[in-house]
Amino acid sequence: MAEAEPLEMAYISEVILKKRKHKEESIALTRKTQLELGQHGGKKRKVEDIKRPEQFVREFRDRELDLIRMKQRTKGAKSALSTPNSKLLFVIRLHGKNDMHPKTRKILYNLRLTRIFHGVFLKASPGVLELLQKVEPYVTYGYPNVKNVSDLIYKKGYGKIDNKRVPLIDNNIIEQALGKYGILCLEDIVHEVANAGPHFREILNFLGSFSLNKPKEGLQGKRALFKDGGDTGNRENQINDLIDKMN
């Protein structure tokens, strides 16, 4: 049987070989750079972003202390709460990050205060006031006047349709979402909110929280109660001064 003839290897010029080698080296260098810069597989963490064990311990203690203080604030809360002077409250979140207990964060989220310097309208009731007392070091609240209710809705308001933020620039959007309740335009929303009317809850479900500007002045940077010279807690009618600075 005749031996098979050896296959001839295709000739590849030296120029092509050099180009291939350069390309492979370039890909390897790019891959290495991506890994270092965090462009592939997550961002590279800075040294200062890496938490030390003592930082975890400190944050855990802060959260547990937050829970203890919450329980202390709510002891006898029902008897300590004052009768609201208005049906309507406007609540602004001022503080809160890693030092909050999960129960505190849950209350803030249930109130739709998911971010600092976000505000919401709430109907004053013993249950709402009790919740606000639990998260008092992180929020301030009071009784908004009709002017600020109108300004907030016209300037900062947006609706939620199909889980999307929709600017309130067209009354057709409002009629589509709230027309079955007899609310057809922005003025109807302002009237219903300002008077905490019968369809207040439906409007709140339609409106998102209000993203406010950080005031250049007016905050002391203290978690003490407003009546004690701090920023938090009940401001009653003086909440309107803060709204004016943040709107």
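Which residues of helix α6 are buried? In this predicted model, α6 spans residues 146-156, and its buried residues are Asn148, Val149, Asp151, Leu152 and Ile153. An α-helix has 3.6 residues a turn, so residues three or four places apart point the same way. That helps in reading the contacts below.

Start with the chain as a whole. Its secondary structure comes to 10 helices and 7 strands. The chain has 247 residues, and 35% of them are buried. Take the contacts with a separation of 6 or more: residues 24 or more positions apart account for 71% of these. The exposed surface of the chain is about 16,700 Å². Carbon and sulfur atoms supply 51% of that area.

Now return to α6. What do its buried residues pack against? Two strands are β1 (88-93) and β2 (118-123). Another strand is β6 (210-211). The helices are α8 (186-194) and α10 (239-246). Two packed helices are described by the angle between their axes and the distance between the axes. The two helix partners can be taken in turn.

Consider α8. Its axis and that of α6 come within 10 Å and cross at roughly 135°. That angle makes α6 oblique to α8. The crossing of α6 past α8 is right-handed. On the α6 side, the contact uses Val146, Val149, Ser150, Ile153 and Tyr154. On the α8 side, Leu186, Glu187, Ile189, Val190, Val193 and Ala194 take part. Sorted by class, this contact has 9 nonpolar, 1 polar and 1 charged residues. Val149 and Ile153, both among the buried residues of α6, belong to this set.

Next comes α10. Here the axes come within 11 Å and cross at roughly 25°. Because the angle is under 35 degrees, α6 is roughly parallel to α10. This crossing is left-handed. From α6, the contact draws on Lys147, Asn148, Leu152 and Lys156. From α10, it draws on Asn240, Ile243, Asp244 and Met246. By class, the contact of α6 with α10 has 3 nonpolar, 2 polar and 3 charged residues. Asn148 and Leu152, also among the buried residues of α6, are part of this contact.

Leave the helices and look at three loops. Which residue sits in the loop between α9 (200-206) and β6? Ser209 does. Ser209 has a relative accessible area of 10%, so it is buried. Leaving aside neighbours within four places in sequence, Ser209 is in contact with Arg112, His118, Gly119, Val120 and Tyr158. Ser209 and Leu111 are 98 residues apart along the chain, yet 9.4 Å separates their C-alpha atoms.

One contact of Ser209 is Arg112. Arg112 lies in the loop between α4 (102-110) and β2. Its phi is near 70°, a positive value in a residue other than glycine. Is Arg112 buried, partly exposed or exposed? Its relative accessibility is 22%, so Arg112 counts as partly exposed.

The third loop runs between β4 (158-161) and β5 (164-167) and holds Asn163. The phi of Asn163 is near 60°, again positive in a residue other than glycine. Asn163 has 82% relative accessibility and therefore counts as exposed.

Methods:
Residues numbered from 1 in each chain as written. Predicted model: local features only at pLDDT ≥ 70, side-chain atom pairs only at ≥ 80, totals over all residues. Heavy atoms only, no water. Buried < 20%, exposed > 50% of the residue type's maximum accessible area, 1.4 Å probe, protein only. Helix = DSSP H or I, 4+ residues; strand = E, 2+ residues; numbered from the N terminus. Contact = heavy atoms within 4.5 Å. Axes fitted to C-alpha atoms, helices over the stretch in contact; angles between N-to-C directions. Parallel < 35°, antiparallel > 145°, perpendicular 65-115°, else oblique. Left-handed = near helix turned anticlockwise from the far one by under 90°. Nonpolar A, V, L, I, M, F, W, Y, C, P; charged D, E, K, R; others polar. Areas by Shrake-Rupley, 256 points an atom, 1.4 Å probe, with all protein chains shown as cover.
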